[in-house]
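Student: I've got a model open and I'd like to talk through its strands and ligand shells. Can we go over it together?

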Amino acid sequence: MENNHYDAIIIGSGPGGEGAAMNLSKRGQRVAVVERHQDVGGGCTHWGTIPSKALRHSVSRLIDFNNSPLFVEGFHKPRAWTFDQILKQAASVVTKQTRMRAGFYNRNDVDVIHGCAELVDRNTVKVVVEGGTETITADKLLLAPGSRPYRPADIDFSHPRVYDSDTILNLTHHPRHIIIYGAGVIGCEYASIFRGLDCKVTLIDSRERLLSFLDVEISDALSYHLRSSGVMIRHNETYASVVGEDHGVVVNFESGKRLKADALLFANGRTGNTDTLKLDKVGLKANHRGQLEVNEHYQTSVENIYAVGDVIGYPSLASAAYDQGRIAADAIVDGKAEAKLIGNIPTGIYTIPEISSVGKTEQELTAAKIPYEIGQAHFSSLARAQIANAGVGCLKLLFHRETKQILGIHCFGVNASEILHIGQAIMEQEGDANTIEYFVRTTFNYPTMAEAYRVAALNGLNRLF
Ligand SMILES: Cc1cc2nc3c(=O)[nH]c(=O)nc-3n(C[C@H](O)[C@H](O)[C@H](O)COP(=O)(O)OP(=O)(O)OC[C@H]3O[C@@H](n4cnc5c(N)ncnc54)[C@H](O)[C@@H]3O)c2cc1C
Ligand SMILES: NC(=O)c1ccc[n+]([C@@H]2O[C@H](COP(=O)([O-])OP(=O)(O)OC[C@H]3O[C@@H](n4cnc5c(N)ncnc54)[C@H](O)[C@@H]3O)[C@@H](O)[C@H]2O)c1
């Protein structure tokens, strides 16, 4: 029984669970991680971030190839790949990630128990393993069970042509036309992937603007580029019913419209994986989206039970989940966490073109009556972008016209999610060190995409009078 007692038990081996496990182990704690999937890595590695980013990478290489005069000379038709083909490439990345992550647990002496965890009481976890159950105990518990696609009850997800963002990874036919219902981040990313594979894509948005949390100009640019690549976007539409047919799906809308396609990807929201945890055994209750409430130390209302990652809701990102796990581990060991998740969480959206932003949008600054100015650099005017045939995109810096403090950074185009971090490093500086003038005072390698910061800063400073 002694061996079954740990300092901490973690449920879930996604970025939240892993971040916590590594930090707890480095801090000398005896840790067990319970994972119901056969491999570690979480939804992030197996069904979410990693496969979707690997698929997207293959598609953008295909687009680059077909658009490069150097490669297409002599070819009379564009190269084409099927979803099935690029899935194989994605699977190999998932395998590499899984092996690497399994190694982290091994090297750090973290016990990984494969089975489904249920809470018995505030110190005891029952693990349903193949052929029986195991019971383990700990002083502290950390819940990092992640989330899954939200599935409305009136849609038959067992129909072979109806997919969500998990099951789309089992798609074996190549749809000529796919309807993507839900134009959140997942819907927009998959619209780019399928369009890049030359499928006809209809993207259904229940709202009137794509990704309305983005700066309007960037969201407009995304709409423009998705549309010009051939994606049909329908705004302000809500489904009334989904009817599965022999080789396709018909979606009827409340507006009276009807659409038919070979497949439907329903990507409209996520639900926290709390339904099988038996939260009632410890007196916890999830909200209607299966999410738990925590305080600034990631502690739930039960003192020794913590929670991180998608199960606590916003920002529901792998990037943040890892940091939350690390911070929660400090709180578990020290009783409180000194470190905090940064206030301005960056977003990286892997559509084609890619989008990334941090800080305030123009609409937020206008609403708050903050006197800001804009500095812009269009990629088409950068030598590096011209060399790379990557002229679509821009970097937009929003800064305070009096203090020159950077307030927001918005970027779209090739490598936007990498480019963003240069500006973020300056924007995160305290006091006067956060200034757009940094980009004018420093010297950038030439030619680089980073040079966009100098171009944008000069553009913005020249607007001041
Ligand atoms: C299609 C898609 C693309 C995404 N792209 C990005 C991106 O580009 N960038 C980004 O930052 N984020 C992205 N995300 C979000 C990101 O994947 C999640 O925010 C992240 O995985 C959350 O980490 P987590 O540790 O909370 O949970 P998860 O990664 O979901 O891991 C939870 C783990 O807990 C296990 N588990 C659940 N219940 C139990 C139980 N009772 N017993 C045992 N084990 C259990 C699950 O099997 C799972 O392995 C994407 C998500 C999706 C769906
Ligand atoms: N590149 C990235 O950072 C990236 C990529 C993909 C996904 N993600 C993460 O995945 C999630 C995206 O999910 P999404 O694109 O499906 O859409 P979303 O979170 O934008 O939600 C779409 C709609 O569904 C509703 N909704 C959400 N959860 C619901 C629930 N449980 N029940 C009923 N309605 C619900 C929302 O209010 C919204 O109107 C986000 O949390 C995002 O952070 C991130």
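Student: Which residue in β14 does V251 stand opposite?

Tutor: Keep in mind that this is a predicted model. Start with the strands: β13 covers residues 248-253 and pairs with β14 in the antiparallel sense over 4 bridges. Across from V251 in β14 stands L259.

Student: Which strands are the edge strands of that sheet?

Tutor: The sheet is open, and its 3 strands run in the order β12-β13-β14 with antiparallel pairing. An edge strand here pairs on one side only. From one strand to the next the twist averages 15°. So look at the two ends of the order: the edge strands are β12 (239-245) and β14 (258-261).

Student: Where does ligand 2 lie, and why?

Tutor: Its shell has 19 residues, with Y150, G184, I186, G269 and S316 the closest. Domain 1 (5-148 + 271-334) gives residues to that shell and domain 2 (162-268) does too, so ligand 2 lies between domain 1 and domain 2.

Student: Which element gives the most to the shell around ligand 2?

Tutor: Three elements give two or more residues: β16 (270-272), β18 (347-349) and α6 (185-196). With 4 residues, the top contributor is α6.

Student: How many residues of the shell around ligand 1 are charged?

Tutor: There are 38 residues around ligand 1, and G12, G14, G42, G146 and G309 come nearest. Elements supplying at least two of the shell's residues include α1 (15-26), α3 (49-67) and α8 (318-334). By class, the shell holds 19 polar and 15 nonpolar residues, and the number charged is 4.

How values were computed:
Residues are numbered from 1 along each chain as its sequence is written. Chains are lettered from A and ligands numbered from 1 in the order in which they are written. This is a predicted model: local features need pLDDT of at least 70, side-chain atom pairs count only at pLDDT 80 or more; totals for chains, interfaces and linings use all residues. A residue is near a molecule or strand if its C-beta atom, placed from the backbone, lies within 6 Å of it. Ala, Val, Leu, Ile, Met, Phe, Trp, Tyr, Cys and Pro count as nonpolar, Asp, Glu, Lys and Arg as charged, and the others, Gly among them, as polar. Two strands pair if DSSP finds at least two bridges between them. Axes are lines fitted to C-alpha atoms, for helices over the stretch in contact, and angles run from 0 to 180 degrees between N-to-C directions. Domain bounds come from an automatic or database domain assignment.
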